[in-house]
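Colleague: Please take a close look at a single helix in this model and tell me how its residues are placed. A plain account will do.

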Amino acid sequence: MKALKELTRPNIWDLKPYSSVRDEYKGVEASVFLDANENPYNGPHNRYPDPMQRDLKAALAPIKKVAPENIFLGNGSDEAIDLVFRAFCEPAEDNVVAIDPTYGMYQVCADVNNVDYRKVLLNEDFQFSADQLLAVTDEHTKLIFLCSPNNPTGNNFLREEIEKVLNEFEGLVILDEAYNDFSDEPSFLTKLDKYPNLIVLQTFSKAWGCAAIRLGMAFASPEIIGLLSKIKYPYNVNQLTQKQAIEMLHRYYEVERWVETLIKERAYLEESFVALSCVEKIYPSDANFFLTKVSDAKAIYNYLVAKGIIVRNRNSIALCKDCLRVTVGTRVENDRLIEALQQYK
Ligand SMILES: *Cc1c(COP(=O)(O)O)cnc(C)c1O
């Protein structure tokens, strides 16, 4: 890996962060807060939240088996995705490399930040070759985005290929593990020490059942986390979210039960789909959704919408012609989908 300073935009490296009121005093037990122009009434929502989310990180660290210094928390993983562009990619000069198809936000953030986004097509098994990815990098390639299990294809990537990219790429590798909870593959979180260029993304939006609270996690070296923390909005994770997330962390056993149920429901849906005449193929999934090739994605999508059932039409995405992406729901929801598709002519 190149030195972090060399990978970072000079203005960001030199940036002196905004110093929020709650950052400045430390180590004293204060009880009179007359420093932040808050209203003293209407507790507990009258006070600014902890900008560094210390309690939440302290609760999260042992569950993820990392140190609090390895954790960045943001307004969804989407915030972390945007921040890596802003920290490392000089607009109109640097570029990033990603697989295709994959999660759409990488390209959106690249476009917003005016950073060249280079796509490498997956093969027909939806796998990538490390050599092909590395071949399109140059001295201006700062980031490589990988998403495993990948959205929308649903599959895990081969571990050897991911590790090859981590070993051979000089820049940073963002590995999005939004769906890792549903997969048998171990997370790359245990490899943070081995790979200083690794940034792992996870989220509260999927297995943790908390999409509404907007909480994403990035895990990396303390140096990388320090850079992201320096450029984030001071109060990027609000008090209600921090509180709800801590509550969820105490109920992690429920998450385990949900995941177990959803994996069984995924198998149930897949089995039922095999018997449907409009279904041509079901792609194997390591996530809480699966991709399926149907006779006419647009027509079936519209047919389902008319019945009040919404799936994702991926027809216009690379390698996904006539494909729908189906999220696993409750048994009642899954049965409504199956029943509707049985009636489709
Ligand atoms: C859903 C999803 C996320 C989650 O984004 P949040 O902003 O945390 O809700 C991240 N990456 C991928 C690939 C996803 O599908």
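Modeller: A residue is called buried when its relative accessible area is under 20%, and exposed when that area is over 50%. The model is a predicted one, and the helix to look at is H4, residues 54-64. Its buried residues are Leu 56, Lys 57, Leu 60, Ala 61 and Lys 64. Viewed down the axis of H4, these buried residues fall within an arc of 130 degrees, so they line one face of the helix. Asp 55 and Pro 62 are exposed, and they sit on the face of H4 turned away from the buried side.

What do the buried residues of H4 pack against? Their partners are three strands, E1 (71-74), E6 (198-203) and E7 (216-219), together with helix H10 (239-249). Just after H4 comes Lys 65, where phi is positive, at about 55 degrees.

One of these partners leads on to the ligand. Strand E6 covers residues 198-203, and Thr 203 is among the closest of the 13 residues that surround the ligand, along with Asp 176, Tyr 179, Ser 205 and Lys 206. The shell around the ligand is made up of four nonpolar, five polar and four charged residues. Asp 176 has a polar side-chain atom 2.6 Å from a nitrogen atom of the ligand. For Arg 214, a polar side-chain atom lies 2.7 Å from a ligand oxygen atom, while Asp 78 places a backbone N or O atom 3.2 Å from an oxygen atom of the ligand. The ligand taken alone exposes 390 Å², and the protein buries 94% of that.

Conventions: Residues numbered from 1 in each chain as written. Predicted model: local features only at pLDDT ≥ 70, side-chain atom pairs only at ≥ 80, totals over all residues. Heavy atoms only, no water. Near = heavy atom within 4 Å. Polar contact = N/O pair within 3.5 Å; in protein donor to acceptor, adjacent residues only side chain to side chain. Areas by Shrake-Rupley, 256 points an atom, 1.4 Å probe, with all protein chains shown as cover. Nonpolar A, V, L, I, M, F, W, Y, C, P; charged D, E, K, R; others polar. Buried < 20%, exposed > 50% of the residue type's maximum accessible area, 1.4 Å probe, protein only. Helix = DSSP H or I, 4+ residues; strand = E, 2+ residues; numbered from the N terminus. Arc of directions from axis to C-beta. Contact = heavy atoms within 4.5 Å.
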